Amino acid sequence: MQALLLLQGRPQITAAQLAEELEVSVPTARRDLEALAMAGVPIYPTRGRGGGWRLIGGARTDLTGLTEGEVISLLVGITQSAGASQERIAAVRKLVRAMPEPFREGAQRVAAATVRDAPWGVVDDDAAPAAVAALQRAIAGRRQVRFHYDGSRGHVEVETVPLIVGSRGARWYLLAAPALAGVEHADDSRLRTYRADRIGDLQVLALHGQAPEGFDAPDAWARMVERVEGMRGSVRAVVRVEPWALKALTGRFGAQARQLDDAPDAGGDLRPLVEVRAHRVDALAEQLAGWTGAAEVTGPPEVRAALRELGERIARQYRADSPGVAASVLIR
């Protein structure tokens with residue numbers, strides 16, 4: 001079947017080319033081609049220099065019955081699925097290579113412009129926002145988009161050129177260039193990041209749009225992640241962690257955790273020291289509250305105070321609901 005897909009997307013293919021694409025030996029590739037011919041598939045070999053195997057009537061795109069829209073939809077579904085195992089990556093690569101020629105360029109753009117990145121914390125929900133699929137189709141067709149965005153500056157209308165759609169954990173982001181005339185020469189520093197779950201009323205426009213000149217997708221995505229990490233990690237706390245919980249806590253905070261030197265404190269406490277970060281004091285306190293039995297916040301004072309306030313609030317709420325139950329959060 002893979003050999004047939006490759007044949008339908010090209011004027012012709014040699015056994016050596018098929019072997020390289022399918023990562024098999026040349027004799028195996030030749031046997032696959034001969035088996036297709038014997039099964040009644042309308043292919044024939046041509047001899048001599050420039051020869052190879054061809055479909056009668058030239059390359060055809062209707063042997064699978066897939067339309068271009070169906071091809072893009074299939075690839076969109078694959079790229080949105082979590083768990084990028086080596087088998088999945090290999091399958092996407094082979095699928096793109098096997099696309100009929102008219103479909104291949106857009107499919108390659110979707111595959112190259114979709115990122116499933118290392119998670120921030122635990123991911124339970126693999127469902128991508130509705131805007132993600134439309135953005136991927138816009139990327140496939142090199143189209144600009146218009147949407148309403150609910151951001152830090154309020155509700156605004158945006159026209160832009162989508163370049164990368166990617167996820168960090170359960171959250172999806174769009175990295176985009178300004179929708180300007182001659183956008184291919186836009187300064188890379190003008191790229192903007194949008195959360196996909198805050199995008200609404202998305203329209204794919206007929207206007208052409210492409211990446212800035214010299215655009216490096218992996219580098220641009222890495223710099224975007226670094227910026228977001230910086231915003232997420234502006235508040236820090238130092239925590240003494242029970243050794244048995246060290247791996248779990250650092251895994252939960254991911255890139256926002258860093259183990260410090262394991263020097264004991266003045267009282268000889270040998271528990272490992274970990275620095276954790278978040279974007280706000282209250283957010284960091286909420287994340288650390290669940291680790292009270294395994295970790296102790298040593299500083300700064302504002303994080304300890306936020307934890308104490310959170311514990312008192314929880315105690316008041318549940319004391320009112322269940323008078324016989326006492327709740328407390330210990331902050332040493």
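The chain folds into eleven helices and twelve strands, and keep in mind as you look around that this is a predicted model. Of its 332 residues, 40% count as buried. Take the contacts in the chain with a separation of 6 or more: residues 24 or more positions apart account for 64% of them. On the outside, the chain exposes about 18100 Å², and carbon and sulfur atoms supply 52% of that area.

Let's start with helix 7, residues 130-140. How many of its eleven residues are buried? Eight of them are, so the helix is mostly covered, a residue being called buried when its relative accessible area is under 20%. The buried set is A131, V132, A133, L135, Q136, A138, I139 and A140. Go just past the end of helix 7 and you reach R142, which takes a positive phi of about 50°. R142 isn't a glycine, of course, and the positive value turns up all the same. It belongs to the loop between helix 7 and strand 4, the strand that spans 143-151. With a relative accessibility of 34%, R142 counts as partly exposed.

R142 has a counterpart in D201, another residue other than glycine with a positive phi, again near 50°. Where does D201 lie? This one is in strand 8, residues 199-208. D201 has a relative accessible area of 57%, and because anything over 50% is called exposed, it gets that label.

Next, helix 8, which covers residues 217-232 and holds R227. R227 is partly exposed, at 41% relative accessible area. On the surface, R227 gathers with R153, R190 and R192 in a patch of positive charge. Why can R227 be part of such a patch? Patch members need over 30% relative accessible area and no salt bridge, so with its 41% R227 clears the area cut-off. Helix 8 is also the place of P218, which is exposed at 62% relative accessibility. If you look for what sits across from P218, try V115: the two are 103 residues apart in sequence, yet their C-alpha atoms are 8.9 Å apart in space.

Now for the salt bridges. A search of the whole structure finds nine of them. One joins the side chains of R236 and E275, with 3.7 Å from N to O. This pair links distant parts of the chain, as R236 is in strand 9 (residues 235-241) and E275 is in strand 11 (residues 273-278), 39 residues apart. The two partners sit in unlike surroundings: R236 is partly exposed at 42% relative accessibility, whereas E275 is buried with a relative accessible area of 11%. Both residues also belong to a wider network of salt bridges, in which R236, R258, E275 and R277 are linked.

R271 is worth a stop of its own. Which residues does it pair with? One partner is E242, whose side chain meets that of R271 in a salt bridge of 3.7 Å, N to O. Here the link runs from loop to loop: R271 lies between strand 10 (257-259) and strand 11, E242 lies between strand 9 and helix 9 (246-253), and 29 residues separate them. R271 counts as buried at 10% relative accessibility, while E242 counts as partly exposed at 25%. The other partner is E296, and in that salt bridge the closest N and O atoms are 2.6 Å apart. E296 belongs to strand 12 (residues 295-299) and R271 to the loop between strands 10 and 11, so this pair ties together parts that are 25 residues apart in sequence. Unlike E242, which is partly exposed, E296 is buried, and so is R271.

From E296, follow strand 12 to its last residues and you come to one more backbone feature. What kind of peptide bond joins G299 and P300? It is a cis peptide bond, with omega about 5°. P300 sits in the loop between strand 12 and helix 11, the helix that spans 301-321.

Technical notes. Residues numbered from 1 in each chain as written. Predicted model: local features only at pLDDT ≥ 70, side-chain atom pairs only at ≥ 80, totals over all residues. Heavy atoms only, no water. Helix = DSSP H or I, 4+ residues; strand = E, 2+ residues; numbered from the N terminus. Buried < 20%, exposed > 50% of the residue type's maximum accessible area, 1.4 Å probe, protein only. Contact = heavy atoms within 4.5 Å. Areas by Shrake-Rupley, 256 points an atom, 1.4 Å probe, with all protein chains shown as cover. Patch = residues over 30% accessible without salt bridge, like charges linked within 9 Å, V, L, I, M, F, W, Y side chains within 5 Å. Salt bridge = Lys/Arg side-chain N within 4 Å of Asp/Glu carboxyl O. Lys, Arg positive; Asp, Glu negative; His and termini not counted. Charge placed at Lys NZ, Arg CZ, Asp CG, Glu CD.
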